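Visitor: I'm new here, so could you walk me through this one? I'd like to know the reasons behind the labels people use.

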Amino acid sequence: MLLKFQKYQGTGNDFIMVDNRTLFFPKNDTKLIEHLCDRRFGIGADGLILLENDTLSDFKMVYYNSDGNESSMCGNGGRCLTAFAKSQGVIENKTTFNAVDGLHHAHVDSNGIISLQMIDVNTISLQPEYVFLNTGSPHHVTLVDDLSSFDVKNQGAAIRYSDLYGKAGSNVNFVQPLGENHFRLRTYERGVEDETLSCGTGATATAIAMHALGKTTAHVIDLDVEGGKLQVAFEVNDGKYSNVHLIGPATFVFNGEIEI
Ligand SMILES: N[C@@H](CCC[C@H](N)C(=O)O)C(=O)O
């Protein structure tokens with residue numbers, strides 16, 4: 001069978017997009033999805049995203065990490081899927097779609113920048129050396145002095161596979177403050193099992209964690225990731241974070257087709 005797909009990337013976090021509204025795609029074929037995401041033997045991507053019909057909203061998002069397993073929410077992927085849905089004529093510039101963590105609102109501005117509403121965050125674990133929270137995916141957030149020389153892959157894997165997070169594991173974000181509302185982060189991603197150039201739920205987690213730690217009083221945070229720049233905006237009342245938005249570009253890379 002010939003699989004038609006489009007590649008998208010959001011600040012360097014890259015995805016294979018498939019229009020699966022006819023439900024033709026073999027969703028349970030973990031090995032196929034892993035192969036398609038392989039950067040040498042397949043198309044190459046951090047993840048694969050299916051666009052499907054939904055009874056409650058404009059469309060449904062189904063997300064797979066590059067290990068081939070379906071996973072939790074992908075913030076950059078949600079922004080890229082919004083751009084893909086627009087390119088396919090499924091939506092115009094505003095949408096509500098259904099993902100594994102519920103309904104998401106998104107809109108595309110006149111410059112193509114996409115703002116994606118993320119889930120509210122009401123539970124934050126503040127520990128002496130780190131913060132843990134869930135922004136649609138689980139995130140461990142810890143401050144480091146110099147990100148440029150930091151061994152993200154090995155240090156990230158050690159935390160991800162530690163007893164802290166059991167079989168499920170967690171994504172791991174290493175953060176360096178750059179200014180009052182400006183942080184740099186590098187992320188080790190669960191399910192990719194490597195550093196990615198960007199992680200949207202990770203950037204969201206980092207922004208909220210920095211506010212919860214008192215490292216900033218701002219409610220609009222700039223985040224420098226390896227693949228570009230993201231912004232996270234939120235409201236907060238009594239330690240509860242709402243109206244959370246992940247804002248940034250989502251770029252079409254190429255059309256492709258591959259025999260599967
Ligand atoms: N890159 C994504 C996160 C995708 C899910 C994550 N790897 C997990 O399994 O928790 C993002 O942009 O949020």
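Guide: Below, we go from the domains to some residues and then to the salt bridges. One thing up front: this is a predicted model.

Visitor: Fine. How is the protein chain divided into domains?

Guide: There's domain 1, made of 2–114 + 250–259, and domain 2, which covers 124–248. Their C-alpha centres are 23 Å apart.

Visitor: What is in contact between domain 1 and domain 2?

Guide: On the domain 1 side it's 19 residues, and they meet 22 residues of domain 2. The area buried between the two domains comes to about 1400 Å², with carbon and sulfur atoms giving 46% of that. Helix α2, residues 75–87, gives the most to the side of domain 1 that touches domain 2, namely 3 residues. That side of domain 1 splits into 5 nonpolar, 10 polar and 4 charged residues.

Visitor: How many salt bridges and polar contacts link domain 1 and domain 2?

Guide: The salt bridge count between the domains is 0. Polar contact is another matter: 11 residue pairs turn up across the interface.

Visitor: Let's zoom in. Why is Asn98 called buried?

Guide: Buried means under 20% relative accessible area. Asn98 has 16%, so Asn98 is buried. You'll find Asn98 in strand β5, residues 94–99. Setting aside neighbours within four places in sequence, Asn98 is in contact with Asp54, Leu56, Ser57, Phe59, Lys60, Met61 and Leu103.

Visitor: And what makes Val131 buried?

Guide: The cut-off is under 20%, and Val131 has a relative accessible area of 1%, so Val131 is buried. Val131 sits in strand β9, residues 131–134. Again leaving out neighbours within four places in sequence, the contacts of Val131 include Ile124, His139, Val141 and Leu213.

Visitor: How far is Val131 from Gly256?

Guide: Their C-alpha atoms are separated by 40 Å, and along the chain the two are 125 residues apart.

Visitor: Now the charges. Why can side chains of opposite charge pair?

Guide: They can do so when their charged atoms come close. Here the salt bridge count comes to 11.

Visitor: How do you know that Arg39 forms a salt bridge with Asp46?

Guide: The rule wants a side-chain nitrogen of Lys or Arg within 4 Å of a carboxyl oxygen of Asp or Glu. For Arg39 and Asp46 the closest N and O atoms are 3.0 Å apart, so the pair counts as a salt bridge.

Visitor: Are Arg39 and Asp46 buried, exposed or partly exposed?

Guide: Arg39 has 48% relative accessibility, and since exposed means over 50% and buried under 20%, Arg39 counts as partly exposed. Asp46 has 6%, so Asp46 is buried.

Visitor: What makes Arg186 and Glu195 a salt bridge?

Guide: Their closest N and O atoms are 2.8 Å apart, within 4 Å, so the pair qualifies. Arg186 is buried, at 11%, while Glu195 is partly exposed, at 23%.

Visitor: Why is Lys229 called exposed?

Guide: Exposed means over 50%, and Lys229 has 56% relative accessibility, so Lys229 is exposed. Lys229 forms a salt bridge with Asp224, where the closest N and O atoms are 3.1 Å apart. Asp224 is buried, with a relative accessible area of 15%.

Visitor: Which residues do shared salt bridge partners join into one network?

Guide: Lys7, Asp14, Arg39 and Asp46 are joined that way.

Conventions. Residues numbered from 1 in each chain as written. Predicted model: local features only at pLDDT ≥ 70, side-chain atom pairs only at ≥ 80, totals over all residues. Heavy atoms only, no water. Domains from an automatic or database assignment. Contact = heavy atoms within 4.5 Å. Buried area = accessible area lost by both parts, 1.4 Å probe. Polar contact = N/O pair within 3.5 Å; in protein donor to acceptor, adjacent residues only side chain to side chain. Helix = DSSP H or I, 4+ residues; strand = E, 2+ residues; numbered from the N terminus. Nonpolar A, V, L, I, M, F, W, Y, C, P; charged D, E, K, R; others polar. Buried < 20%, exposed > 50% of the residue type's maximum accessible area, 1.4 Å probe, protein only.
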